[in-house]
Amino acid sequence: LKPMQSIGYKQMASFIEGGVSWDTAVQQMKKETKRLAKRQFTWFRHDPEIDWITLPDEAQAIPEMIKNFLKLKLN
């Protein structure tokens with residue numbers, strides 16, 4: 001089933017069936033979550049439409065960036 005491919009389902013099913021311990025299931029879920037986050041970050045990093053805010057000083061520019069984005073999308 002498609003839902004069984006989601007993070008956590010396979011590990012919990014294995015735990016419930018007695019295939020792995022609780023600690024192992026949790027460790028596997030953490031590992032898979034980290035791998036997914038890494039793949040997502042790589043995918044987003046290559047999207048030219050994303051403006052990354054990396055420094056606290058840049059956070060002040062966010063409201064203006066949102067206004068500009070909305071103006072472009074609404075026109």
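In which helix is the place of A25? In this predicted model, A25 belongs to helix α2, the stretch that covers residues 22-45. A good next step is to look at how much of this residue can be reached from outside. The relative accessible area of A25 is 0%, so A25 counts as buried, given that the term applies to values under 20%.

The surroundings of A25 come next. Leaving out residues up to four places away in sequence, A25 touches Q11, F15 and V20. One of these partners, Q11, sits 14 residues from A25 along the chain, yet the C-alpha atoms of the two are separated by 5.2 Å. Q11 itself is found in helix α1, which spans residues 9-16, while A25 lies in helix α2.

Is Q11 buried or exposed? With a relative accessible area of 7%, Q11 is buried. When its neighbours within four places in sequence are set aside, Q11 is in contact with V20, A25, Q28, M29 and E32. V20 thus appears in the contacts of A25 and also in those of Q11.

Attention now turns to the surface. Here I53, I62, I66, F69, L70 and L74 make a nonpolar patch of about 560 Å². I66, one of the residues in this patch, is found in helix α3, which runs over residues 62-74. I66 has a relative accessible area of 46%, so I66 is described as partly exposed; the label covers values between 20% and 50%. For A25, by contrast, the corresponding value is 0%.

Terms used:
Residues are numbered from 1 along each chain as its sequence is written. This is a predicted model: local features need pLDDT of at least 70, side-chain atom pairs count only at pLDDT 80 or more; totals for chains, interfaces and linings use all residues. Side-chain values use heavy atoms; hydrogens and water are left out. Helices (H or I, at least four residues) and strands (E, at least two) are DSSP runs, numbered from the N terminus. Buried means under 20% relative accessible area, exposed over 50%, partly exposed in between (1.4 Å probe, protein chains only). Contact means heavy atoms within 4.5 Å. Patches are made of residues with over 30% relative accessible area and no salt bridge: like charges are joined within 9 Å, nonpolar side chains (Val, Leu, Ile, Met, Phe, Trp, Tyr) within 5 Å. Accessible areas come from the Shrake-Rupley method with a 1.4 Å probe; for residues, only the protein chains shown count as cover. A salt bridge is a side-chain nitrogen of Lys or Arg within 4 Å of a carboxyl oxygen of Asp or Glu.
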